Amino acid sequence: MIDVMKMFKARMYMKRNEPFLYSWHAYVGYELDLFKAFERPVTQFDVADALQLDEDLLGQWVSVGVSIGHLKEAGRGRYKVWNTWKLPKPKGNNSSGVLLKEMMELHIPTLLSYPEMMRNQNRRHFDEEKHAPTVAETSRLLEVLAMPKMSKRIRENRSRTVLDIGCGEAGYIKKLADRFPDTQFTGIEISPAVVETAKELTADNDNIVIENADLWQYQPERLQDMVMMNNVIHYIDLEKRQALFTELATWLEKDGILSVVTPIAGSSDDPPFANVFNSFFSSFDNLYRLPTRQELAEWGEEAGLTMLGIKTVIKEGSWYIAQYQKKS
Ligand SMILES: C[S@@+](CC[C@H](N)C(=O)[O-])C[C@H]1O[C@@H](n2cnc3c(N)ncnc32)[C@H](O)[C@@H]1O
């Protein structure tokens, strides 16, 4: 009986891990631009030769691809991509592959080091300069979903000045600036490499200024109609979060809007992903757990802001947008 249970459990673990194979395969394909290489029927030898890759390893990757339906045999030893809608686009086109990259290179290795970190009672240090460009790019995948909620406030409130704190690649302000040409947008960002990209991507927008600044050293030149802070709270020490909200409230004009995008975690009915995010963030001595819904309400209230609402951006990831207004 016990042996049967053992088998049953082992089988269950394997089954549950099957989705990992799809992500792993897609990640390798994205990282090495292999889906592009197999766009037309081609042999693995030609691809290995053209891209200077280990032929045996490429051959194994191709076999997995065929078995999971990412690739298909095309006769005479050639293979081509299949089910292309499931595959990430090549690098550099705001491709979903960047999420695979972040998961495989950052999240999964960190979670795998849990036993070691717990045993040694030490945490990792998040290398901002190394990861900032990937993280800024992944964050952009949420833009399409959160954007309408920001546009609505800018339109309704007739905001003329908008400040984006930790703006990353400036994806939000770029889209908003195209839409609201009479509004002046400012983005501040601590990573010089990310600032560089943000400046390049917004070079054509006269109504955008990007500044390389740490939010703790920054003070806007004038009061703002809207202050945004998207996917930044987990960079802020727990003890400083109330102070930050209180400070941001002082940067707002009367009736100004504070708009905050963040995953929410910490309660047992939050989806598993959000709670695992917290395991991930807690692995670093310079990243911090996600806020709870209640904290978001309290920080706003304490800062003298009126909560306009907390709306879902992505349910499965427990991503929300919280918006507040300065009434007096
Ligand atoms: C997860 S990204 C989010 C980027 C963008 N807001 C978005 O949602 O797409 C967080 C960004 O905040 C920046 N950041 C972290 N701490 C900061 C600070 N103290 N001052 C300014 N920017 C900061 C990081 O470098 C990173 O680019």
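A crossing of two helices is called right-handed if the near helix is turned clockwise from the far one by less than a right angle. That term comes up in the second view of this predicted model.

**View 1. The whole chain of the predicted model, before we zoom in.** Here's the full fold: 13 helices and 10 strands. Taken along the principal axes, the C-alpha atoms fill a box of roughly 70 × 55 × 35 Å. Of the 328 residues, 46% count as buried. Take the contacts with a separation of 6 or more, and 69% of them come from residues 24 or more positions apart.

**View 2. Helix H8 crossing helix H9.** H8 spans residues 143-157 and H9 spans residues 171-179. Their axes sit 10 Å apart, and the two helices pack at an angle of about 45°, so H8 and H9 count as oblique to each other. As for handedness, H8 passes H9 in a right-handed crossing. On the H8 side, the contact is made by Glu143, Ala146, Met147, Met150, Ser151, Ile154 and Arg155. H9 answers with Gly171, Tyr172, Lys175, Leu176 and Arg179. Sort the residues of this contact by type and you get six nonpolar, two polar and four charged.

**View 3. The largest nonpolar core, with Met228 picked out.** This core has 36 residues. The ones with the most contacts inside it are Met150, Ile173, Leu176, Phe185, Ile210 and Met228. Plenty of elements chip in: H8, H9, helix H10 (192-201), strand S6 (208-212), strand S7 (224-230), strand S8 (252-263), helix H12 (272-282) and strand S10 (319-326) each give two or more residues to the core. Now look at Met228, leaving aside its neighbours within four places in sequence: this residue is in contact with Met150, Val162, Leu163, Asp164, Ile165, Tyr172, Ile173, Leu176 and Ser259. Another core, of 27 residues, lies apart from the largest one. Ala213, Leu215, Trp299 and Leu305 are among its members.

**View 4. Thr186 in strand S5.** The strand shown here runs over residues 184-189. Is Thr186 buried or exposed? Its relative accessibility is 12%, so Thr186 counts as buried; the cut-off for that is under 20%. Skip the residues up to four places away in sequence, and Thr186 touches Val162, Leu163, Asp164, Ile173, Val209, Glu211 and Tyr218. Some of these names may ring a bell from the last view: Val162, Leu163, Asp164 and Ile173 are also among the contacts of Met228.

**View 5. Helix H5 against helix H12.** H5 covers residues 97-112. The axes of H5 and H12 come within 9 Å and cross at roughly 75°, so these two helices are roughly perpendicular to each other. From H5, the residues involved are Leu106, His107, Thr110 and Leu111. They meet Val276, Phe277, Ser279 and Phe280 in H12. By type, the contact splits into five nonpolar, three polar and no charged residues.

**View 6. Gly317 in the loop between strands S9 and S10.** Strand S9 covers 305-314, and Gly317 sits in the loop that follows, ahead of S10. At 11% relative accessibility, Gly317 counts as buried. What does Gly317 touch, not counting residues up to four places away in sequence? Pro263, Ala274 and Phe277. Phe277 also takes part in the contact of H12 with H5. Gly317 and Phe277 are 40 residues apart along the chain, with their C-alpha atoms separated by 9.1 Å.

Technical notes
Residues are numbered from 1 along each chain as its sequence is written. This is a predicted model: local features need pLDDT of at least 70, side-chain atom pairs count only at pLDDT 80 or more; totals for chains, interfaces and linings use all residues. Side-chain values use heavy atoms; hydrogens and water are left out. Axes are lines fitted to C-alpha atoms, for helices over the stretch in contact, and angles run from 0 to 180 degrees between N-to-C directions. Helices (H or I, at least four residues) and strands (E, at least two) are DSSP runs, numbered from the N terminus. Angles under 35 degrees count as roughly parallel, over 145 as roughly antiparallel, 65 to 115 as roughly perpendicular and the rest as oblique. Contact means heavy atoms within 4.5 Å. Ala, Val, Leu, Ile, Met, Phe, Trp, Tyr, Cys and Pro count as nonpolar, Asp, Glu, Lys and Arg as charged, and the others, Gly among them, as polar. A nonpolar core is a set of buried Ala, Val, Leu, Ile, Met, Phe, Trp, Tyr and Cys residues joined through side-chain atoms within 4.5 Å. Buried means under 20% relative accessible area, exposed over 50%, partly exposed in between (1.4 Å probe, protein chains only).
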